[in-house]
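Open your viewer, switch on a cartoon view, and keep the selection box handy. We will go from stop to stop, picking a few residues each time and looking at what surrounds them.

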Amino acid sequence: MHSLFSTRTIEPTGIWKGPESEITSDPGQILEALRILEKPCFILNYQDQIAVTSSGKIYPLNEKETGISVLANLRSQSPENFGTPGFLTHHGVKFPYMAGSMANAISNESLVTALGNAGMLASFGAGGVSPDRLLKGINTIKTQLPDGPYAFNLIHSPNEPLLEQKAVDLYLENQIQTIEASAFLRLTPTVVEFRVAGLSQADGKEYAA
Ligand SMILES: Cc1cc2nc3c(=O)[nH]c(=O)nc-3n(C[C@H](O)[C@H](O)[C@H](O)COP(=O)(O)O)c2cc1C
């Protein structure tokens with residue numbers, strides 16, 4: 001096989017141990033192995049040829065260890081593993097993805113709950129909707145996803161400051177934890193009010209706004 005890569009020019013990064021019957025240097029099987037994103041893929045120097053396997057384990061390079069040299073190590077790349085794990089725990093989601101708001105409740109209760117049930121965060125498109133319509137969305141989503149995940153949009157409305165304030169009032173009254181703040185060119189009292197709600201002083205006293 002003509003190869004662009006030579007096992008001799010790549011420094012080993014570790015030692016692989018496992019069943020040698022699971023190692024392949026067949027180009028078709030290498031391609032196949034690289035396409036399985038859910039499993040790790042270890043690139044090995046096996047009998048002076050580039051080979052791959054998803055079995056076995058990798059150990060750090062060590063003078064005492066003997067085994068097959070690891071040239072590269074591709075971690076499992078399933079959708080759950082993209083992004084930062086902190087996003088998953090913080091938002092209680094399975095996948096580190098968020099569907100942004102679409103105004104006028106285009107991203108409505110059905111979308112937010114469907115994605116929430118699938119383990120993804122979606123934001124209700126609160127921009128341009130009346131307070132009554134927003135409250136309906138809040139009630140429905142909280143009923144259908146009592147433990148989340150969900151978010152609501154807080155869109156800056158410079159021409160209708162009362163609408164922006166009303167949205168924050170509804171979010172705080174209904175214990176909405178996650179908002180997607182959009183279109184703010186600078187901080188406004190409304191967005192700050194949402195952010196500092198529940199802040200307490202070091203002595204435990206509630207922060208008085
Ligand atoms: C029809 C439509 C309405 C949108 N409305 C809002 C909105 O009200 N607030 C907001 O923050 N983003 C809004 N967006 C932006 C989306 O939330 C999203 O950030 C954007 O579409 C980029 O994602 P994409 O590349 O997957 O489309 C809207 C997008 C679309 C297509």
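## First stop: an exposed loop residue

Select aspartate 48, which counts as exposed because it has 10 C-beta neighbours inside 10 Å. Keep in mind during the tour that this is a predicted model. Aspartate 48 sits in the loop between strand 2 (41-46) and strand 3. Check its backbone: phi is positive, about 65 degrees, although this residue is not a glycine.

Now step along to glutamine 49, which belongs to strand 3. Glutamine 49 has 13 C-beta neighbours inside 10 Å, so it counts as partly exposed. For a sense of scale, draw a distance from its C-alpha to that of valine 93: the two are separated by 42 Å, and they are 44 residues apart along the chain.

## Along to glycine 56

Next, select glycine 56, in the loop between strand 3 (49-53) and strand 4 (57-59). Is it buried, exposed or partly exposed? With 19 other C-beta atoms within 10 Å, glycine 56 is partly exposed; a residue needs 20 or more to be buried.

Show its contacts too. Leaving aside neighbours within four places in sequence, glycine 56 touches Trp16, Lys17, Gly18, Pro19, Glu22 and Phe42. From here, try a distance to arginine 195: the C-alpha atoms are separated by 48 Å, with these positions 139 residues apart along the chain.

## The ligand and its shell

Centre the view on the ligand. Around it you will find Gly100, Ser101, Met102, Ala103, Ile106, Gly125, Gly127, Asn153, Ile155, Glu180 and Ser182. Colour this shell by residue type, and it divides into four nonpolar, six polar and one charged. Strand 8 and strand 9 are worth highlighting here, as each supplies at least two residues of the shell.

## Into the nonpolar cores

Stay close by and select Ala126 and Phe152. In the largest nonpolar core, which has 22 residues, these two touch the most other members. Helix 3 (109-117), strand 7 (121-124), helix 4, strand 8 and helix 5 each supply at least two residues of this core. Which strand gives the most to it? That is strand 8, with four residues.

Show what alanine 126 contacts beyond its neighbours within four places in sequence: Ser101, Leu134, Phe152, Asn153, Ile155 and Ala167. There is also a second, separate core of 12 residues, and Trp16, Phe42, Val52 and Val70 are among them. Trp16 and Phe42 may look familiar, as both were among the contacts of glycine 56.

## Two helices, each with a buried side

Select helix 3 and show Val112, Leu115 and Gly116, its buried residues. They cover an arc of only 105 degrees around the axis, so they lie on the same side of helix 3. Turn to the other side and you will meet Ser110 and Asn117, which are exposed. Strand 6 (98-99), strand 7 and helix 4 are included in what covers the buried residues. Just after helix 3, glycine 119 takes a positive phi of about 85 degrees.

Now move to helix 5 (residues 161-173). Its 13 residues reach 18 Å from the first C-alpha to the last, close to the 18 Å expected at 1.5 Å a residue. Show Glu164, Ala167, Val168 and Tyr171, which are buried. Looking down the axis of helix 5, you will see the buried residues fall within an arc of 95 degrees, so they line one face of the helix. The cover over them includes helix 4 (131-144), strand 8 (151-155), strand 9 (179-182) and helix 6 (189-196).

On the other side of helix 5, Leu162 and Glu173 are exposed. Leucine 162 counts as exposed because it has 11 C-beta neighbours inside 10 Å. Its C-alpha is separated by 9.6 Å from that of threonine 190, 28 residues apart along the chain.

## Last stops: two loops

Follow the chain out of helix 5 to glutamine 175, in the loop between helix 5 and strand 9. Like aspartate 48, glutamine 175 has a positive phi although it is not a glycine, here about 50 degrees. Glutamine 175 is exposed, with 10 other C-beta atoms within 10 Å.

Finish at proline 149, in the loop between helix 4 and strand 8. Zoom in on the bond that joins it to glycine 148: this is a cis peptide bond, with omega about 0 degrees.

Notes
Residues are numbered from 1 along each chain as its sequence is written. This is a predicted model: local features need pLDDT of at least 70, side-chain atom pairs count only at pLDDT 80 or more; totals for chains, interfaces and linings use all residues. The expected span of a helix is 1.5 Å times one less than its number of residues. The arc is that of the directions from the helix axis to the C-beta atoms. Two residues are in contact if their C-beta atoms, placed from the backbone, lie within 7 Å. A residue is near a molecule or strand if its C-beta atom, placed from the backbone, lies within 6 Å of it. Ala, Val, Leu, Ile, Met, Phe, Trp, Tyr, Cys and Pro count as nonpolar, Asp, Glu, Lys and Arg as charged, and the others, Gly among them, as polar. A nonpolar core is a set of buried Ala, Val, Leu, Ile, Met, Phe, Trp, Tyr and Cys residues joined through C-beta atoms within 7 Å.
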